[in-house]
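Biologist: Please take a close look at the enclosed empty space in this one for me, and then work outward to whatever else catches your eye.

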Amino acid sequence: MNRPDNPPIDPALDAYLHSAEAQLLSELCDWLRIPSVSTLPQHKEDIERAAGWLARKMTAVGLENVELIRSGGHPIVYADWLHAGSDAPTLLVYGHYDVQPADPLEQWTSPPFEPTVRGDDLVARGASDDKGQLFAHVAAVQALLATSGSLPVNVKFVVEGEEEDGSQALMDYVPAAVEKLAADACLISDTHMLSPQQPLIIYGLRGMWGGEITVRGPARDLHSGMFGGAVHNPNQALCELLARLHDEEGRVTVPGFYDRVEPLSEQERAALARVPYDDETLLKESGAPAAWGEAGFTVTERIGARPTLEINGMWGGFTGEGFKTVIPAEAQAKVSCRLVPDQDSAAIGPMIERFLAEIAPPTVEVSVRTRVHAPATVVPLDVPEIGAASRAFKRVFGADPVFSREGGSIPVATVFQETLDIPILLMGLGLPDDNLHAPNEKLHLPNHFRGVRVGIALMEELNIA
Ligand code: BES
Ligand code: MN
Ligand code: MN
(Lines give C-alpha, C1' and ligand atoms only; values in the text may rest on other atoms or scores of the structure.)
(Ligands and ions follow the chains in the order given, each with its own letter.)
Protein backbone atom coordinates (compact mmCIF):
# COMPACT_ATOMS: atom_id res chain seq x y z
CA MET A 1 0.00 0.00 0.00
CA ASN A 2 1.23 3.50 -0.79
CA ARG A 3 2.11 5.51 2.23
CA PRO A 4 0.48 8.92 1.86
CA ASP A 5 2.72 11.98 2.35
CA ASN A 6 0.55 13.13 5.21
CA PRO A 7 -0.55 10.04 7.06
CA PRO A 8 -4.18 10.45 8.15
CA ILE A 9 -3.17 9.14 11.54
CA ASP A 10 -0.15 9.59 13.76
CA PRO A 11 3.02 8.38 11.93
CA ALA A 12 3.92 5.96 14.75
CA LEU A 13 0.49 4.36 14.49
CA ASP A 14 0.74 4.27 10.73
CA ALA A 15 4.13 2.58 10.96
CA TYR A 16 2.74 0.07 13.47
CA LEU A 17 -0.09 -0.81 11.09
CA HIS A 18 2.28 -1.28 8.18
CA SER A 19 4.39 -3.66 10.22
CA ALA A 20 1.34 -5.52 11.60
CA GLU A 21 -0.49 -5.87 8.28
CA ALA A 22 0.65 -9.38 7.39
CA GLN A 23 -0.06 -10.72 10.87
CA LEU A 24 -3.51 -9.10 10.97
CA LEU A 25 -4.36 -10.58 7.59
CA SER A 26 -3.28 -14.02 8.69
CA GLU A 27 -5.43 -13.76 11.82
CA LEU A 28 -8.45 -12.62 9.84
CA CYS A 29 -7.94 -15.68 7.61
CA ASP A 30 -7.96 -17.93 10.70
CA TRP A 31 -11.33 -16.46 11.68
CA LEU A 32 -12.72 -16.78 8.16
CA ARG A 33 -11.81 -20.48 8.10
CA ILE A 34 -14.54 -21.11 10.68
CA PRO A 35 -17.81 -21.69 8.79
CA SER A 36 -20.06 -19.78 11.20
CA VAL A 37 -23.29 -20.13 9.21
CA SER A 38 -25.99 -19.05 11.64
CA THR A 39 -29.06 -20.28 9.82
CA LEU A 40 -27.94 -23.93 9.44
CA PRO A 41 -28.23 -25.99 12.66
CA GLN A 42 -25.31 -28.22 11.63
CA HIS A 43 -22.95 -25.26 12.09
CA LYS A 44 -23.81 -24.65 15.75
CA GLU A 45 -20.34 -25.71 16.88
CA ASP A 46 -18.67 -23.51 14.29
CA ILE A 47 -20.70 -20.58 15.60
CA GLU A 48 -19.33 -21.32 19.08
CA ARG A 49 -15.78 -21.54 17.71
CA ALA A 50 -16.12 -18.24 15.84
CA ALA A 51 -17.44 -16.51 18.97
CA GLY A 52 -14.62 -17.99 21.06
CA TRP A 53 -12.03 -16.96 18.48
CA LEU A 54 -13.24 -13.35 18.60
CA ALA A 55 -13.33 -13.29 22.40
CA ARG A 56 -9.70 -14.49 22.52
CA LYS A 57 -8.60 -11.92 19.94
CA MET A 58 -10.35 -9.15 21.86
CA THR A 59 -8.61 -10.21 25.06
CA ALA A 60 -5.26 -10.32 23.25
CA VAL A 61 -5.55 -6.74 21.96
CA GLY A 62 -6.24 -5.46 25.47
CA LEU A 63 -10.01 -5.20 25.54
CA GLU A 64 -11.50 -5.99 28.94
CA ASN A 65 -14.58 -7.62 30.43
CA VAL A 66 -14.67 -9.94 27.46
CA GLU A 67 -17.76 -12.08 27.76
CA LEU A 68 -19.85 -14.55 25.79
CA ILE A 69 -23.43 -13.64 26.55
CA ARG A 70 -25.83 -16.53 26.16
CA SER A 71 -29.31 -15.14 25.98
CA GLY A 72 -31.21 -17.66 23.95
CA GLY A 73 -29.75 -17.81 20.46
CA HIS A 74 -26.13 -17.83 19.35
CA PRO A 75 -23.69 -16.18 21.80
CA ILE A 76 -23.25 -12.41 21.81
CA VAL A 77 -19.61 -11.35 22.25
CA TYR A 78 -19.10 -8.32 24.51
CA ALA A 79 -15.87 -6.49 25.36
CA ASP A 80 -14.97 -3.00 26.48
CA TRP A 81 -12.17 -0.56 27.31
CA LEU A 82 -13.42 2.18 29.60
CA HIS A 83 -10.35 4.11 30.72
CA ALA A 84 -10.67 7.24 28.56
CA GLY A 85 -12.23 9.06 31.46
CA SER A 86 -15.80 9.93 32.27
CA ASP A 87 -15.67 13.11 30.17
CA ALA A 88 -14.70 11.21 27.06
CA PRO A 89 -17.53 9.86 24.91
CA THR A 90 -18.25 6.15 24.62
CA LEU A 91 -18.39 4.41 21.27
CA LEU A 92 -20.38 1.20 20.89
CA VAL A 93 -19.08 -0.90 18.00
CA TYR A 94 -21.52 -3.44 16.55
CA GLY A 95 -20.87 -6.21 14.06
CA HIS A 96 -21.70 -9.84 13.38
CA TYR A 97 -19.50 -12.92 13.26
CA ASP A 98 -22.06 -15.15 11.56
CA VAL A 99 -22.11 -15.61 7.80
CA GLN A 100 -24.52 -16.63 5.06
CA PRO A 101 -24.58 -20.19 3.70
CA ALA A 102 -21.93 -20.62 1.01
CA ASP A 103 -23.96 -22.40 -1.66
CA PRO A 104 -23.86 -22.76 -4.64
CA LEU A 105 -20.43 -24.23 -3.88
CA GLU A 106 -19.55 -25.08 -7.47
CA GLN A 107 -19.56 -21.39 -8.39
CA TRP A 108 -16.70 -20.50 -6.02
CA THR A 109 -13.29 -20.23 -7.66
CA SER A 110 -11.68 -21.19 -4.33
CA PRO A 111 -13.44 -22.95 -1.42
CA PRO A 112 -15.54 -20.48 0.64
CA PHE A 113 -13.86 -21.32 3.94
CA GLU A 114 -10.31 -21.41 2.61
CA PRO A 115 -9.51 -17.69 2.46
CA THR A 116 -7.49 -16.93 -0.66
CA VAL A 117 -5.67 -13.73 -1.56
CA ARG A 118 -6.17 -12.86 -5.21
CA GLY A 119 -4.48 -9.63 -6.20
CA ASP A 120 -5.82 -6.98 -3.84
CA ASP A 121 -8.75 -9.13 -2.73
CA LEU A 122 -9.26 -11.66 0.03
CA VAL A 123 -11.86 -14.18 -1.14
CA ALA A 124 -13.90 -16.05 1.51
CA ARG A 125 -17.42 -16.25 2.89
CA GLY A 126 -17.69 -13.50 5.51
CA ALA A 127 -14.63 -11.60 4.23
CA SER A 128 -16.70 -8.46 3.81
CA ASP A 129 -20.00 -9.40 5.53
CA ASP A 130 -19.10 -8.92 8.25
CA LYS A 131 -16.01 -10.50 9.79
CA GLY A 132 -13.57 -8.38 7.77
CA GLN A 133 -15.36 -5.11 8.45
CA LEU A 134 -15.66 -5.79 12.18
CA PHE A 135 -12.07 -7.02 12.40
CA ALA A 136 -10.88 -3.63 11.08
CA HIS A 137 -12.16 -2.00 14.27
CA VAL A 138 -10.61 -4.61 16.54
CA ALA A 139 -7.34 -3.93 14.70
CA ALA A 140 -7.83 -0.18 15.26
CA VAL A 141 -8.07 -0.79 19.02
CA GLN A 142 -5.03 -3.07 18.84
CA ALA A 143 -2.93 -0.42 17.07
CA LEU A 144 -3.86 2.32 19.54
CA LEU A 145 -3.34 0.20 22.64
CA ALA A 146 -0.08 -1.25 21.32
CA THR A 147 1.43 2.13 20.46
CA SER A 148 0.06 4.42 23.17
CA GLY A 149 -1.58 2.18 25.75
CA SER A 150 -4.85 4.06 25.55
CA LEU A 151 -7.83 4.98 23.36
CA PRO A 152 -9.20 8.49 22.70
CA VAL A 153 -12.69 7.34 23.72
CA ASN A 154 -14.28 4.61 25.79
CA VAL A 155 -15.17 1.66 23.61
CA LYS A 156 -17.68 -1.17 23.92
CA PHE A 157 -18.00 -3.97 21.39
CA VAL A 158 -21.18 -5.97 20.93
CA VAL A 159 -20.91 -8.60 18.23
CA GLU A 160 -23.68 -11.05 17.49
CA GLY A 161 -23.85 -14.44 15.82
CA GLU A 162 -27.26 -14.42 14.17
CA GLU A 163 -27.61 -11.23 12.17
CA GLU A 164 -28.08 -13.23 8.98
CA ASP A 165 -30.93 -15.09 10.67
CA GLY A 166 -32.89 -12.15 12.05
CA SER A 167 -30.97 -11.02 15.20
CA GLN A 168 -33.67 -12.20 17.59
CA ALA A 169 -31.36 -12.88 20.56
CA LEU A 170 -29.71 -9.46 20.39
CA MET A 171 -32.99 -7.63 19.79
CA ASP A 172 -34.33 -9.25 22.97
CA TYR A 173 -31.08 -8.61 24.89
CA VAL A 174 -30.56 -4.88 24.22
CA PRO A 175 -33.61 -3.62 26.19
CA ALA A 176 -32.42 -5.71 29.15
CA ALA A 177 -28.87 -4.29 28.96
CA VAL A 178 -29.44 -0.58 28.46
CA GLU A 179 -26.91 0.40 31.12
CA LYS A 180 -24.26 -2.06 30.08
CA LEU A 181 -24.48 -0.93 26.47
CA ALA A 182 -24.91 2.78 27.23
CA ALA A 183 -22.88 4.88 24.79
CA ASP A 184 -22.86 8.14 22.85
CA ALA A 185 -22.81 6.67 19.37
CA CYS A 186 -22.91 3.27 17.68
CA LEU A 187 -20.49 2.46 14.88
CA ILE A 188 -21.63 -0.15 12.38
CA SER A 189 -19.39 -1.15 9.49
CA ASP A 190 -21.63 -3.62 7.68
CA THR A 191 -22.44 -1.74 4.48
CA HIS A 192 -20.30 -0.58 1.59
CA MET A 193 -18.65 2.42 0.01
CA LEU A 194 -19.52 3.56 -3.52
CA SER A 195 -15.99 2.84 -4.77
CA PRO A 196 -12.51 2.48 -3.22
CA GLN A 197 -12.24 6.28 -3.53
CA GLN A 198 -15.74 7.28 -2.45
CA PRO A 199 -16.87 6.75 1.15
CA LEU A 200 -20.58 6.52 1.88
CA ILE A 201 -22.57 7.11 5.03
CA ILE A 202 -25.92 5.36 5.04
CA TYR A 203 -28.83 7.22 6.62
CA GLY A 204 -31.57 4.70 6.00
CA LEU A 205 -31.82 0.92 5.96
CA ARG A 206 -34.85 -1.04 4.88
CA GLY A 207 -36.69 -3.22 7.36
CA MET A 208 -37.56 -6.81 6.75
CA TRP A 209 -40.29 -9.41 6.91
CA GLY A 210 -39.23 -12.92 6.01
CA GLY A 211 -41.14 -16.17 6.05
CA GLU A 212 -42.39 -19.24 4.26
CA ILE A 213 -45.46 -19.92 2.16
CA THR A 214 -46.69 -23.51 2.03
CA VAL A 215 -49.22 -24.82 -0.48
CA ARG A 216 -50.75 -28.22 0.35
CA GLY A 217 -52.62 -30.36 -2.16
CA PRO A 218 -53.14 -34.12 -2.11
CA ALA A 219 -52.48 -36.12 1.06
CA ARG A 220 -49.30 -37.63 -0.45
CA ASP A 221 -47.19 -37.49 -3.60
CA LEU A 222 -49.07 -38.90 -6.59
CA HIS A 223 -48.18 -40.52 -9.92
CA SER A 224 -48.65 -37.75 -12.47
CA GLY A 225 -49.96 -40.22 -15.05
CA MET A 226 -52.69 -41.55 -12.77
CA PHE A 227 -53.73 -38.18 -11.30
CA GLY A 228 -52.33 -35.50 -13.64
CA GLY A 229 -55.10 -33.33 -15.06
CA ALA A 230 -57.46 -34.28 -12.23
CA VAL A 231 -55.90 -32.65 -9.15
CA HIS A 232 -54.32 -29.21 -8.88
CA ASN A 233 -50.54 -29.58 -8.74
CA PRO A 234 -49.25 -27.66 -5.65
CA ASN A 235 -46.14 -26.52 -7.56
CA GLN A 236 -48.38 -24.99 -10.18
CA ALA A 237 -50.74 -23.51 -7.60
CA LEU A 238 -47.77 -21.98 -5.78
CA CYS A 239 -46.53 -20.38 -9.01
CA GLU A 240 -50.01 -19.05 -9.76
CA LEU A 241 -50.28 -17.53 -6.29
CA LEU A 242 -46.76 -16.09 -6.26
CA ALA A 243 -47.34 -14.57 -9.70
CA ARG A 244 -50.24 -12.59 -8.26
CA LEU A 245 -48.12 -10.92 -5.57
CA HIS A 246 -46.95 -8.28 -8.11
CA ASP A 247 -48.87 -6.43 -10.81
CA GLU A 248 -47.61 -5.60 -14.30
CA GLU A 249 -46.12 -2.34 -13.06
CA GLY A 250 -43.91 -4.16 -10.56
CA ARG A 251 -46.04 -3.09 -7.58
CA VAL A 252 -46.82 -5.43 -4.70
CA THR A 253 -50.53 -6.35 -4.81
CA VAL A 254 -50.98 -7.40 -1.16
CA PRO A 255 -53.79 -5.17 0.21
CA GLY A 256 -52.48 -2.77 2.86
CA PHE A 257 -48.82 -3.26 1.89
CA TYR A 258 -48.30 0.39 0.94
CA ASP A 259 -50.75 1.89 3.45
CA ARG A 260 -48.18 3.28 5.86
CA VAL A 261 -45.36 3.84 3.38
CA GLU A 262 -44.06 7.36 3.81
CA PRO A 263 -44.05 9.06 0.40
CA LEU A 264 -40.69 10.37 -0.81
CA SER A 265 -40.37 14.13 -0.44
CA GLU A 266 -39.22 16.17 -3.43
CA GLN A 267 -36.18 17.12 -1.38
CA GLU A 268 -35.24 13.50 -0.77
CA ARG A 269 -35.83 12.54 -4.40
CA ALA A 270 -33.47 15.33 -5.41
CA ALA A 271 -30.87 14.13 -2.92
CA LEU A 272 -31.14 10.51 -4.10
CA ALA A 273 -30.86 11.68 -7.72
CA ARG A 274 -27.40 13.01 -6.87
CA VAL A 275 -26.15 9.55 -5.86
CA PRO A 276 -23.98 8.43 -8.77
CA TYR A 277 -25.86 5.19 -9.42
CA ASP A 278 -28.08 4.50 -12.42
CA ASP A 279 -29.48 1.68 -14.57
CA GLU A 280 -26.13 1.22 -16.26
CA THR A 281 -24.29 0.79 -12.93
CA LEU A 282 -27.02 -1.60 -11.82
CA LEU A 283 -26.63 -3.78 -14.91
CA LYS A 284 -22.86 -3.79 -14.59
CA GLU A 285 -22.90 -4.70 -10.90
CA SER A 286 -25.66 -7.30 -11.13
CA GLY A 287 -24.98 -8.88 -14.50
CA ALA A 288 -28.75 -8.86 -15.11
CA PRO A 289 -29.89 -8.45 -18.74
CA ALA A 290 -32.27 -5.57 -17.93
CA ALA A 291 -33.50 -3.56 -14.97
CA TRP A 292 -36.88 -4.30 -13.41
CA GLY A 293 -39.04 -2.80 -10.71
CA GLU A 294 -41.80 -0.57 -9.56
CA ALA A 295 -42.87 1.90 -12.22
CA GLY A 296 -42.31 5.59 -11.52
CA PHE A 297 -39.16 5.27 -9.38
CA THR A 298 -35.45 5.37 -10.18
CA VAL A 299 -33.20 2.42 -9.31
CA THR A 300 -31.72 4.30 -6.34
CA GLU A 301 -35.24 4.97 -5.04
CA ARG A 302 -36.39 1.40 -5.71
CA ILE A 303 -33.40 -0.09 -3.90
CA GLY A 304 -33.16 2.28 -0.95
CA ALA A 305 -36.51 3.87 -0.39
CA ARG A 306 -39.34 1.67 -1.70
CA PRO A 307 -40.65 -1.59 -0.21
CA THR A 308 -40.38 -4.84 -2.14
CA LEU A 309 -41.41 -8.47 -2.03
CA GLU A 310 -38.92 -11.10 -3.18
CA ILE A 311 -39.16 -14.84 -3.68
CA ASN A 312 -35.87 -16.16 -2.27
CA GLY A 313 -36.41 -19.83 -2.90
CA MET A 314 -39.08 -22.26 -4.04
CA TRP A 315 -39.26 -26.00 -4.12
CA GLY A 316 -41.62 -28.95 -4.26
CA GLY A 317 -41.69 -32.38 -5.83
CA PHE A 318 -38.61 -33.88 -7.41
CA THR A 319 -35.58 -31.60 -7.82
CA GLY A 320 -32.75 -34.13 -7.94
CA GLU A 321 -30.87 -35.24 -11.00
CA GLY A 322 -32.84 -37.33 -13.46
CA PHE A 323 -36.57 -37.43 -13.83
CA LYS A 324 -39.61 -38.36 -11.76
CA THR A 325 -43.22 -37.99 -12.86
CA VAL A 326 -44.83 -36.85 -9.66
CA ILE A 327 -47.49 -34.50 -8.37
CA PRO A 328 -46.10 -33.41 -4.99
CA ALA A 329 -48.22 -33.20 -1.87
CA GLU A 330 -46.90 -29.74 -1.13
CA ALA A 331 -44.83 -26.88 -2.48
CA GLN A 332 -43.07 -24.12 -0.59
CA ALA A 333 -41.50 -20.73 -1.13
CA LYS A 334 -39.29 -18.55 1.03
CA VAL A 335 -40.33 -14.95 0.68
CA SER A 336 -38.93 -11.74 2.11
CA CYS A 337 -40.12 -8.15 2.01
CA ARG A 338 -37.89 -5.10 2.32
CA LEU A 339 -39.76 -2.48 4.30
CA VAL A 340 -39.51 1.29 4.55
CA PRO A 341 -40.64 3.79 7.21
CA ASP A 342 -43.38 3.54 8.66
CA GLN A 343 -44.42 0.04 7.65
CA ASP A 344 -45.24 -2.27 10.57
CA SER A 345 -42.95 -5.27 10.09
CA ALA A 346 -45.14 -7.44 12.34
CA ALA A 347 -48.23 -6.79 10.21
CA ILE A 348 -46.77 -7.93 6.88
CA GLY A 349 -47.00 -11.71 7.44
CA PRO A 350 -50.69 -11.62 8.40
CA MET A 351 -51.39 -9.31 5.42
CA ILE A 352 -49.82 -11.77 3.00
CA GLU A 353 -51.62 -14.67 4.65
CA ARG A 354 -55.03 -12.91 4.39
CA PHE A 355 -54.45 -12.06 0.74
CA LEU A 356 -53.37 -15.58 -0.17
CA ALA A 357 -56.34 -17.07 1.69
CA GLU A 358 -58.60 -14.79 -0.30
CA ILE A 359 -57.18 -15.62 -3.73
CA ALA A 360 -56.29 -19.29 -3.16
CA PRO A 361 -58.38 -21.73 -5.18
CA PRO A 362 -60.39 -24.39 -3.28
CA THR A 363 -58.05 -27.03 -4.73
CA VAL A 364 -55.20 -26.28 -2.27
CA GLU A 365 -54.55 -25.05 1.27
CA VAL A 366 -52.15 -22.16 1.85
CA SER A 367 -50.35 -21.15 5.03
CA VAL A 368 -47.75 -18.49 5.92
CA ARG A 369 -45.11 -18.73 8.64
CA THR A 370 -43.10 -15.73 9.84
CA ARG A 371 -39.38 -16.22 10.53
CA VAL A 372 -38.01 -12.68 10.93
CA HIS A 373 -39.30 -9.17 11.08
CA ALA A 374 -37.61 -5.85 11.85
CA PRO A 375 -38.56 -2.25 11.11
CA ALA A 376 -36.76 0.11 8.76
CA THR A 377 -34.07 2.42 10.13
CA VAL A 378 -33.80 6.17 9.58
CA VAL A 379 -30.65 7.86 10.84
CA PRO A 380 -30.79 11.58 11.64
CA LEU A 381 -27.83 13.32 10.00
CA ASP A 382 -27.87 16.55 11.99
CA VAL A 383 -25.87 15.25 14.95
CA PRO A 384 -22.21 16.08 15.72
CA GLU A 385 -21.20 12.40 15.53
CA ILE A 386 -22.03 12.37 11.80
CA GLY A 387 -19.61 15.28 11.44
CA ALA A 388 -16.94 13.25 13.22
CA ALA A 389 -17.65 10.27 10.95
CA SER A 390 -17.35 12.46 7.85
CA ARG A 391 -14.05 13.93 9.00
CA ALA A 392 -12.67 10.47 9.76
CA PHE A 393 -13.53 9.27 6.24
CA LYS A 394 -12.11 12.45 4.71
CA ARG A 395 -8.82 12.11 6.57
CA VAL A 396 -8.23 8.57 5.35
CA PHE A 397 -9.81 8.52 1.89
CA GLY A 398 -9.22 12.17 1.00
CA ALA A 399 -12.88 12.55 -0.01
CA ASP A 400 -15.99 13.71 1.79
CA PRO A 401 -18.52 10.90 2.14
CA VAL A 402 -21.76 10.96 0.19
CA PHE A 403 -25.01 10.11 1.93
CA SER A 404 -27.56 7.59 0.74
CA ARG A 405 -30.18 5.11 1.81
CA GLU A 406 -29.45 1.42 1.44
CA GLY A 407 -31.67 -1.48 0.51
CA GLY A 408 -30.24 -4.05 2.92
CA SER A 409 -31.32 -4.56 6.51
CA ILE A 410 -29.54 -4.65 9.85
CA PRO A 411 -32.36 -5.76 12.13
CA VAL A 412 -30.86 -4.48 15.40
CA ALA A 413 -29.95 -1.00 14.10
CA THR A 414 -33.31 0.55 15.03
CA VAL A 415 -33.20 -1.11 18.44
CA PHE A 416 -29.83 0.53 19.22
CA GLN A 417 -31.10 3.86 18.04
CA GLU A 418 -34.39 3.78 19.90
CA THR A 419 -33.61 1.73 23.00
CA LEU A 420 -30.15 3.15 23.69
CA ASP A 421 -31.17 6.52 22.24
CA ILE A 422 -27.89 7.04 20.37
CA PRO A 423 -27.05 7.94 16.77
CA ILE A 424 -25.77 5.10 14.61
CA LEU A 425 -22.90 5.66 12.22
CA LEU A 426 -23.27 3.36 9.23
CA MET A 427 -19.73 3.62 7.93
CA GLY A 428 -19.38 0.78 5.45
CA LEU A 429 -15.92 -0.42 4.46
CA GLY A 430 -17.04 -2.93 1.83
CA LEU A 431 -17.48 -2.38 -1.91
CA PRO A 432 -20.57 -2.82 -4.09
CA ASP A 433 -18.95 -5.76 -5.93
CA ASP A 434 -17.97 -7.69 -2.77
CA ASN A 435 -20.45 -10.48 -3.72
CA LEU A 436 -22.28 -10.41 -0.40
CA HIS A 437 -24.41 -13.53 0.14
CA ALA A 438 -23.10 -14.80 -3.22
CA PRO A 439 -20.26 -17.03 -4.45
CA ASN A 440 -16.76 -15.50 -4.31
CA GLU A 441 -17.45 -12.98 -1.56
CA LYS A 442 -14.36 -10.84 -1.19
CA LEU A 443 -12.76 -8.08 0.81
CA HIS A 444 -10.74 -5.39 -0.96
CA LEU A 445 -7.62 -5.37 1.21
CA PRO A 446 -6.51 -1.77 0.58
CA ASN A 447 -9.98 -0.71 1.77
CA HIS A 448 -9.69 -2.94 4.78
CA PHE A 449 -6.44 -1.39 5.99
CA ARG A 450 -7.76 2.09 5.26
CA GLY A 451 -10.78 1.01 7.28
CA VAL A 452 -8.55 0.32 10.28
CA ARG A 453 -7.30 3.90 9.97
CA VAL A 454 -10.87 5.20 9.66
CA GLY A 455 -11.67 3.46 12.95
CA ILE A 456 -8.73 5.19 14.61
CA ALA A 457 -9.57 8.57 13.06
CA LEU A 458 -13.21 8.21 14.16
CA MET A 459 -12.22 7.63 17.79
CA GLU A 460 -10.03 10.73 17.63
CA GLU A 461 -12.71 12.85 15.98
CA LEU A 462 -15.39 11.72 18.43
CA ASN A 463 -13.27 12.92 21.28
CA ILE A 464 -13.37 16.45 19.88
CA ALA A 465 -16.89 16.37 18.43
N1 BES B 1 -24.57 -6.46 5.88
C2 BES B 1 -25.87 -6.84 5.49
C3 BES B 1 -26.80 -5.67 5.30
C4 BES B 1 -26.49 -4.87 4.08
C5 BES B 1 -26.30 -5.50 2.88
C6 BES B 1 -26.41 -3.54 4.17
C7 BES B 1 -26.00 -4.75 1.77
C8 BES B 1 -26.10 -2.80 3.06
C9 BES B 1 -25.89 -3.42 1.86
C10 BES B 1 -26.43 -7.77 6.53
O11 BES B 1 -25.51 -8.73 6.95
C12 BES B 1 -27.56 -8.55 5.92
O13 BES B 1 -27.35 -9.25 4.97
N14 BES B 1 -28.73 -8.46 6.51
C15 BES B 1 -29.82 -9.29 6.15
C16 BES B 1 -30.80 -9.24 7.28
C17 BES B 1 -31.90 -10.26 7.19
C18 BES B 1 -31.42 -11.67 7.15
C19 BES B 1 -32.85 -10.09 8.36
C20 BES B 1 -30.40 -8.77 4.85
O21 BES B 1 -30.39 -7.57 4.60
O22 BES B 1 -30.86 -9.60 4.06
MN1 MN C 1 -23.73 -7.90 7.42
MN1 MN D 1 -25.40 -10.22 5.27
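Modeller: By cavity I mean a set of points, on a 1 Å grid over the protein atoms alone, where a 1.4 Å probe fits but cannot get out; a pocket is an open set with protein on both sides within 12 Å along at least five of seven lines, and lining residues have an atom within 4 Å of a point. Points join across faces, edges and corners, and volume is the space filled by probe spheres set on them. Before we dig in: this is a predicted model, with local features needing pLDDT of at least 70 and side-chain atom pairs pLDDT 80 or more, while totals for chains, interfaces and linings use all residues. Residues count from 1 along each chain as written, chains are lettered from A and ligands numbered from 1 in written order, and side-chain values use heavy atoms, without hydrogens or water.

So, your enclosed space. The structure has one cavity of 30 Å³ or more, and the largest cavity holds about 30 Å³ of space. Its walls come from Leu 91, Val 93, His 137, Leu 187, Gly 455 and Met 459. Strand S3 (90-96) and helix H13 (445-464) each put at least two residues into that lining (helices, H or I of at least four residues, and strands, E of at least two, are DSSP runs numbered from the N terminus). Four of the cavity's lining residues are nonpolar, two are polar and none is charged (Ala, Val, Leu, Ile, Met, Phe, Trp, Tyr, Cys and Pro are nonpolar; Asp, Glu, Lys and Arg charged; the others, Gly among them, polar).

Follow the chain out of S3 and you come to the loop between S3 and strand S4 (116-118), where Pro 104 sits. The peptide bond from Asp 103 to Pro 104 is cis, with omega near 0 degrees. There's another cis bond from Pro 341 to Asp 342, with omega near -5 degrees, and Asp 342 is in the loop between strand S13 (330-339) and helix H10 (345-359). While we're on backbone quirks, Asp 421 has a positive phi, near 55 degrees, without being a glycine; look for Asp 421 between helix H12 (413-419) and strand S17 (424-427).

Now to the open space. The second largest pocket offers about 420 Å³, and among its 20 lining residues Tyr 203, Gln 267, Glu 268, Ala 271 and Arg 405 are the closest to the centre. Helix H7 (266-273) and strand S16 (402-406) are the elements giving two or more residues to this pocket's lining. By class, the pocket lining is 14 nonpolar, two polar and four charged.

Ligand 1 has 14 residues around it, the closest being Glu 163, Asp 190, Arg 338, Ser 409 and His 437 (a heavy atom within 4 Å counts). The shell around ligand 1 splits into three nonpolar, five polar and six charged residues. Oxygen atoms of ligand 1 come to 2.7 Å from a side-chain N or O atom of Glu 163 and, again at 2.7 Å, of Arg 338. A nitrogen atom of ligand 1 lies 2.8 Å from a polar backbone atom of Ser 409.

Last stop: there are 22 salt bridges, each a side-chain nitrogen of Lys or Arg within 4 Å of a carboxyl oxygen of Asp or Glu. In one of them, Lys 180 pairs with Glu 67, the closest N and O atoms being 2.6 Å apart. That pair ties together distant parts of the chain, 113 residues apart: Glu 67 is in strand S1 (residues 64-69), and Lys 180 in the loop between helix H4 (168-173) and strand S7 (185-188).

Key. Polar contact = N/O pair within 3.5 Å; in protein donor to acceptor, adjacent residues only side chain to side chain.
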